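User: Could you take me on a close look at one loop and the sheet it belongs with, then show how that part sits in the rest of the chain? I work mostly with numbers, so please keep the distances, angles and accessibilities in.

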Amino acid sequence: MKTYFFTIIFLVLFFCVQGQRKSNTVFDNVDYTIEPIESINTVASDISPFFVGDHLYFSSVREEYFNKGNRERKSKAFYDLYGASLNDQGLLTSDRTLVSGFGADYHEGPAAYCEKTGEMFITLSNVIHPDTIRKLFSVENVSLRLAIMKKNDHGVWKIKEELPFNDDRFHFAHPAISKAGDTLVFASDIDSLTIGKIDLFMSVRKDGIWSDPVNLGKLVNTPGNEMYPTFIKGGLLSFASDGRVGGYGGLDIYYTSFPQISDVINLGDKINTHFDEFGLVLYPGQDVGYFSSNRENVGSDDIFRLDIKRNKNDFNGLVLDDRTGKPIDNVKVDLYGCNNEILQTLYSDESGKFRIEVLGSDCPVIKASKEGYENDIKDVSHINYVELRLKQILKREILVVDVDNNNPLTGAEVRCENEVVFQTDDKGVVYLNPPFSYDCELMVTSNGYLDQTLILDSTNIVNGFARDTVRMYKRELNKTFVLDNIYYDFDKWDILPESEIELNKLIKIMNDNPDLKVELGSHTDSRGSDAYNKRLSQKRSDSAVGYIIKKGILKDRIVAKGYGETQLLNRCANGVSCTEEEHRQNRRTVFKIIGFGGD
């Protein structure tokens with residue numbers, strides 16, 4: 001191989017960001033088969049394949065210089081550009097032919113193509129003909145430069161412009177152009193900027209202007225030679241180097257992430273040998289590629305086809321609702337590779353199940369997503385089953401009303417961790433929509449009312465929507481409120497379980513308002529003697545207050561009072577015939593506000 005062919009320049013920023021991911025699914029846990037391509041290789045040098053639409057282009061020594069002894073040595077600096085057809089799997093389907101517009105006296109190649117811009121970036125020489133080397137120049141004085149070519153209206157490649165940083169004192173060669181056509185990586189020996197003999201550089205194009213070359217730095221470049229860069233799928237930069245510790249000899253093919261350069265990884269001994277390997281390209285959408293090597297074969301440098309055979313791992317998954325534990329159907333499941341590219345997409349079935357084929361990788365990641373739910377992401381390295389749980393994104397309505405008349409309260413504040421979140425509208429409503437957090441306890445306040453906390457209830461969610469009602473108690477002395485559903489067995493005063501639920505509401509109000517003092521009063525209907533009803537109601541009130549004190553309310557904040565039948569709410573006094581419903585209205589437990597703080 002000709003190590004005096006070098007050049008690249010690159011721009012934008014020094015890449016000192018070191019990524020943590022070591023590999024990419026393009027090369028993780030795969031096997032390879034490699035074979036030379038007889039239909040395009042010759043007895044001379046054939047190098048640096050790249051793709052132009054449905055063709056494979058490459059650089060090759062001109063056939064007129066085959067087997068010409070010393071003249072062939074000189075002519076190795078003079079390539080022409082050849083091409084061969086490809087099918088949709090990236091496999092060659094024709095013999096080599098000279099690309100239209102090439103075959104002139106100048107050296108032509110290696111090159112790279114940008115599909116987006118239709119531009120070819122190509123290496124050219126400052127010497128027109130090999131014989132000129134003998135007549136006018138020494139080999140050392142042959143310099144390489146970079147130019148951009150485009151096809152004219154007749155389909156012939158013509159030079160559009162030369163890169164502005166070309167300098168006959170140095171070599172600029174081996175272009176690699178990004179998919180967007182704005183970042184050029186190349187090899188060069190600019191003596192004031194190189195770390196080693198030949199380094200990789202970059203230049204960035206902005207508004208049609210190319211920046212000055214920037215060295216890719218010590219993460220990529222070594223005291224040796226770094227050459228033949230290529231951009232390959234998965235956001236990777238591939239290149240050849242003979243200066244890295246642990247190589248197999250000669251030029252080895254390496255790769256790293258780009259533009260944030262991380263670990264530089266050797267492709268390993270399945271591809272690299274003690275000979276030279278360089279110029280790797282991978283066909284888009286297929287696991288087939290091409291590279292050059294001077295390993296033992298018919299010619300000098302030959303082009304080899306690389307078939308990637310991926311190790312596969314099938315595993316099952318299940319998507320569940322995080323709250324209910326029930327399966328969710330039609331959930332989108334994406335499999336991501338190491339550089340966040342989506343490798344596969346499928347959907348869960350009616351049982352929430354899915355089956356996915358994971359290609360060998362150190363870092364496969366699964367993301368489950370569905371409208372109305374938060375995404376769930378799991379690393380699925382080295383497993384054969386994954387369970388994904390989606391949290392439903394809730395839309396919640398909170399209605400704030402007066403407990404006495406159910407009238408809505410306008411301007412009530414709903415706070416989370418002492419920060420005002422919302423105020424109720426003229427209908428007494430606030431809406432807590434995503435991304436509101438449901439992890440906090442809400443405090444509801446309104447002027448003239450007791451404060452109340454609200455713990456959001458997850459049992460009333462229907463299709464991602466829930467409604468809560470907060471009934472507010474007026475903050476005024478001697479104001480009474482009925483506690484519903486306080487029951488006792490006949491002639492008993494023991495607190496029943498169903499009564500505890502209602503008493504717990506009063507406990508909560510007193511905890512929310514630590515300055516509140518109340519009287520808890522028990523009332524009976526008129527049946528039975530006045531004295532009996534008085535004693536029974538007092539015992540029931542004492543029992544309820546005892547329960548509340550046991551729950552942590554200070555005894556000086558609550559007073560027990562038995563009223564018997566002294567405060568009937570209707571006509572049902574002694575001797576009056578009333579229905580059971582009318583008597584029930586008089587059997588009640590109420591609390592009355594009797595003070596605040598030190599009152």
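Analyst: **A loop and its sheet**

Aspartate 263 is in the loop that runs between E17 and E18. Please keep in mind that this is a predicted model. With a relative accessible area of 32%, aspartate 263 counts as partly exposed. Its C-alpha atom is 7.7 Å from that of leucine 219, although the two residues are 44 apart along the chain.

Now to the sheet itself. The strands on either side of this loop belong to an open, antiparallel sheet of 4 strands, in the order E15-E16-E17-E18. At its edges stand E15 and strand E18 (265-266); each has a single partner strand, so one side of each has no neighbour in the sheet. As a reminder, strands in a sheet pair through backbone hydrogen bonds, in either a parallel or an antiparallel sense. Between E15 and E16 the pairing is antiparallel and spans 5 bridges. Here glutamate 226 has serine 241, in E16, as its bridge partner.

Side chains add a link of their own. The whole structure holds 17 aromatic pairs. One of them joins phenylalanine 239 and tyrosine 254, which are stacked with 6.1 Å between ring centres and 20 degrees between planes. Because phenylalanine 239 is in strand E16 and tyrosine 254 in strand E17 (residues 252-257), the pair ties together parts 15 residues apart in sequence. Are these two residues buried or exposed? Both phenylalanine 239 and tyrosine 254 are buried.

For contrast in geometry, look at tyrosine 473 and phenylalanine 481: their ring centres are 4.8 Å apart and their planes meet at 85 degrees, so this pair is edge-to-face. Tyrosine 473 and phenylalanine 481 are both buried as well.

Next, the packing. Which residues make the most contacts inside the largest nonpolar core? They are Val185, Met202 and Leu216, in a core of 25 residues. Two strands of our sheet, E15 (226-232) and E16 (236-241), each give two or more residues to this core, as do strand E11 (183-188) and strand E12 (199-206). A separate core of 23 residues lies apart from it and includes Tyr473, Leu506, Val518 and Ala544.

Strand E11 deserves a short stop. It holds threonine 183, which counts as buried because its relative accessibility is 13%. The side chain of threonine 183 also makes a polar contact with the side chain of aspartate 182, at 3.2 Å. Elsewhere, Phe165, Phe172, Phe186 and Phe201 gather into one aromatic cluster.

Further along the chain is arginine 588, in strand E39 (residues 588-596). Is arginine 588 buried or exposed? Its relative accessible area is 10%, so arginine 588 is buried. A polar atom of its side chain lies 2.9 Å from the backbone oxygen of asparagine 586. Leaving aside residues up to four places away in sequence, arginine 588 touches Gly521, Ser522, His523, Gln567 and Leu569.

Two charges over rings round off the tour. Arginine 96 is placed over the face of tyrosine 82, 4.0 Å from the ring centre. Likewise, lysine 561 has its charged end over the ring of tyrosine 563, at 5.7 Å from the centre.

Key: Residues numbered from 1 in each chain as written. Predicted model: local features only at pLDDT ≥ 70, side-chain atom pairs only at ≥ 80, totals over all residues. Heavy atoms only, no water. Core = buried A, V, L, I, M, F, W, Y, C linked by side-chain atoms within 4.5 Å. Buried < 20%, exposed > 50% of the residue type's maximum accessible area, 1.4 Å probe, protein only. Polar contact = N/O pair within 3.5 Å; in protein donor to acceptor, adjacent residues only side chain to side chain. Phe/Tyr/Trp six-rings, centres within 6.5 Å; stacked < 30°, edge-to-face > 60°. Lys NZ or Arg CZ within 6 Å of the ring centre and 35° of its normal. Pairing = 2+ DSSP bridges. Contact = heavy atoms within 4.5 Å.
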